[in-house]
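I opened this entry to look up three things: the pocket, the sheet and the salt bridges. My notes follow in that order.

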Amino acid sequence: MPLIFRATCADGDSPMVGHTRNDALGVREGIDVQPEEGVVRPRTGGMSVSPSRADLPPHLIPKRLRSQGYPAARRGNTLPETFPWRMGDGPFAETQLCDRLQLRIDPQDPAHGFVEPDRPMTLDDYCAAIEATRSNWVREEW
């Protein structure tokens with residue numbers, strides 16, 4: 001399953017990790033997940049991903065790309081530059097991604113998914129599980 005998200009580069013080969021911004025590999029407490037007593041549960045939300053660059057929401061795509069196949073792009077052309085990052089191949093379908101993480105397709109939007117915990121875990125453990133995937137993401141060009 002191909003997963004795509006958008007983030008800035010940390011060192012050119014890996015996405016920046018962070019849990020407070022929407023342009024990093026991570027999850028934002030209170031926005032992406034709503035822990036109950038510090039615990040994040042499966043099927044309740046997580047890090048957003050899309051099946052392709054074309055399926056990324058327009059607010060994540062820089063406006064400078066409007067003439068390059070993204071006519072609805074509306075993100076400012078500000079620095080630092082952000083890039084799409086891909087992990088995996090095959091169909092965009094619910095599956096176990098790796099130890100502790102699963103992909104769930106958004107029931108409201110088949111072009112959006114959540115990287116979620118596969119079992120109840122603390123927010124810190126969930127963030128660490130996402131961070132552990134950092135080397136699995138490959139930078140793509142717009």
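**Pocket**

I started with the largest pocket, which has a volume of about 310 Å³. I note here that the model is predicted.

I listed the lining next. The largest pocket is lined by 19 residues. Nearest its centre lie Asn-22, Arg-28, Asp-32, Ser-48 and Leu-60. I then asked which elements give two or more residues to this lining. They are strand 1 (3-8) and strand 3 (47-49).

I sorted the lining by class. I got nine nonpolar, six polar and four charged residues.

Two of the residues nearest the centre, Arg-28 and Asp-32, I looked up as a pair. Their side chains meet in a salt bridge, with N to O at 3.0 Å. I checked whether Asp-32 is buried or exposed. Asp-32 has a relative accessible area of 15%, so it falls under the 20% cut-off and is buried.

**Sheet**

Strand 3 came up in the pocket lining, so I followed it into its sheet. This is an open sheet of four strands in the order 3-7-6-5, with antiparallel pairing. Strand 3 and strand 5 (95-98) are the edge strands, each pairing on one side only. On average, neighbouring strands here are turned by 35° against each other, direction ignored.

I went through the pairings one by one.

- Strand 3 and strand 7 pair in the antiparallel sense over three bridges. Val-49 has Gly-113 of strand 7 as its bridge partner.
- Strand 6 and strand 7 are antiparallel and share five bridges. Ile-105 has Gly-113 of strand 7 as its bridge partner.
- Strand 5 and strand 6 are antiparallel over three bridges. Thr-95 stands opposite Leu-103 in strand 6.

Gly-113 thus partners Val-49 and also Ile-105.

How many residues of strand 7 are buried? Five of the five are, so strand 7 is largely enclosed by the rest of the structure.

**Salt bridges**

I counted nine salt bridges in the model. I looked closely at two more of them, beyond the Arg-28 and Asp-32 pair.

The first joins strands of the sheet. Arg-104 forms a salt bridge with Glu-116, the closest N and O atoms being 2.9 Å apart. The pair links distant parts of the chain: Arg-104 sits in strand 6 (residues 101-105) and Glu-116 in strand 7 (residues 113-117), twelve residues apart. I asked how accessible each partner is. Arg-104 is buried at 9% relative accessible area. Glu-116 is buried too, at 0%.

The other joins Glu-140 and Arg-86, with the closest N and O atoms 2.8 Å apart. This pair also links distant parts of the chain, with the two positions 54 residues apart. Glu-140 lies in the segment after strand 9 (138-139). Arg-86 lies in strand 4 (residues 82-87). Glu-140 counts as buried at 16% relative accessibility. Arg-86 has a relative accessible area of 23% and is partly exposed.

I then traced what else this pair touches. Arg-53, Arg-86, Asp-89 and Glu-140 are linked in a network of salt bridges.

**Recap**

I close with what I would look at again. Arg-28 and Asp-32 lie among the residues nearest the centre of the largest pocket, and they form a salt bridge. Strand 7 has five of its five residues buried, and Glu-116 in strand 7 reads 0%.

Note on methods:
Residues are numbered from 1 along each chain as its sequence is written. This is a predicted model: local features need pLDDT of at least 70, side-chain atom pairs count only at pLDDT 80 or more; totals for chains, interfaces and linings use all residues. Side-chain values use heavy atoms; hydrogens and water are left out. A salt bridge is a side-chain nitrogen of Lys or Arg within 4 Å of a carboxyl oxygen of Asp or Glu. Buried means under 20% relative accessible area, exposed over 50%, partly exposed in between (1.4 Å probe, protein chains only). On a 1 Å grid over the protein atoms alone, a cavity is a set of points where a 1.4 Å probe fits but cannot get out, and a pocket is an open set with protein on both sides within 12 Å along at least five of seven lines; lining residues have an atom within 4 Å of a point. Grid points are joined across faces, edges and corners, and a volume is the space filled by probe spheres set on the points. Ala, Val, Leu, Ile, Met, Phe, Trp, Tyr, Cys and Pro count as nonpolar, Asp, Glu, Lys and Arg as charged, and the others, Gly among them, as polar. Two strands pair if DSSP finds at least two bridges between them. Axes are lines fitted to C-alpha atoms, for helices over the stretch in contact, and angles run from 0 to 180 degrees between N-to-C directions.
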